[in-house]
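Subject: Structure handover

Hello,

Here is the structure you will be taking over. My notes on it follow below the display.

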Amino acid sequence: MPKFLIQATYTPEGTKGLLKEGASGRRDAVDRVVADLGGTIEAMYFAFGEDDLVCIIDLPDPVSMAAVSLTVKASGALCTRATPLLTLEEIDRAARREVAFRAPGA
């Protein structure tokens, strides 16, 4: 199942909601969203600095990740980035794959 790194920053309104319901309330909400799409949460951490929240989630496919991303961003509560994560084996397969490429000017 594909893994995704989620990095999120709360907007002022999202932060007010977090303060009201707490981190465990947000974990429950994320659990429901991910589980409803057939996925699981591998890790979820709150942070401070550039990102307020960092998660690693497993979802069945990139379309599911896109659906979550669009819905969360439309709420206005968070600004998010989703990065697909690849296993070592997947990178090994990619490194062995032939790619026809010509650099510019070559």
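On one side of α2, Val63, Leu70, Thr71 and Ala74 are exposed. Please keep in mind that this is a predicted model. On the other side of the helix, Ser64, Met65, Val68 and Ser69 are buried. Seen down the axis of α2, these buried residues fall within an arc of 135 degrees, so they line one face of the helix. What do they pack against? The buried residues of α2 meet β1, α1, β3 and β4, the last of these covering 78-85.

The length of α2 was also checked. With 14 residues at 1.5 Å a residue, the helix should span 20 Å, and its end C-alpha atoms are 20 Å apart, so the two values agree. At the N-terminal end, Asp61 acts as the cap of α2, with a side-chain oxygen 3.1 Å from the backbone nitrogen of Val63. After α2 comes Gly76, which has a positive phi, near 80 degrees.

Gly76 also appears in the surroundings of Thr11. Thr11 sits in the loop between β1 and α1. Is Thr11 buried or exposed? Its relative accessible area is 17%, and buried means under 20%, so Thr11 counts as buried. A polar atom of the Thr11 side chain lies 2.9 Å from the backbone oxygen of Gly76. Leaving aside neighbours within four places in sequence, Thr11 is in contact with Gly76, Ala77, Leu78 and Cys79.

Next, the core. The largest nonpolar core has 15 residues, and those with the most contacts inside it are Phe4, Ile6, Leu53, Cys55, Ile57, Leu59 and Met65. At least two residues of this core come from each of β1 (3-10), α1 (12-36), β2 (40-46), β3 (53-58) and α2 (62-75). The element that gives the most is β1, with four residues. In soluble globular proteins, nonpolar side chains tend to be buried together.

Leu59 is worth a look on its own. Apart from neighbours within four places in sequence, Leu59 is in contact with Met1, Pro2, Phe4, Val34, Leu37, Gly39, Ser64, Met65 and Val68.

Last, the strands. β2 and β3 run antiparallel and are joined by six bridges. One of the bridge pairs is Ala43 with Ile56 of β3. The two strands form a hairpin with six residues between them, and Gly49 in the turn has a positive phi of about 120 degrees.

Regards

Methods:
Residues numbered from 1 in each chain as written. Predicted model: local features only at pLDDT ≥ 70, side-chain atom pairs only at ≥ 80, totals over all residues. Heavy atoms only, no water. Core = buried A, V, L, I, M, F, W, Y, C linked by side-chain atoms within 4.5 Å. Buried < 20%, exposed > 50% of the residue type's maximum accessible area, 1.4 Å probe, protein only. Contact = heavy atoms within 4.5 Å. Polar contact = N/O pair within 3.5 Å; in protein donor to acceptor, adjacent residues only side chain to side chain. Expected span 1.5 Å × (residues − 1). Arc of directions from axis to C-beta. Pairing = 2+ DSSP bridges.
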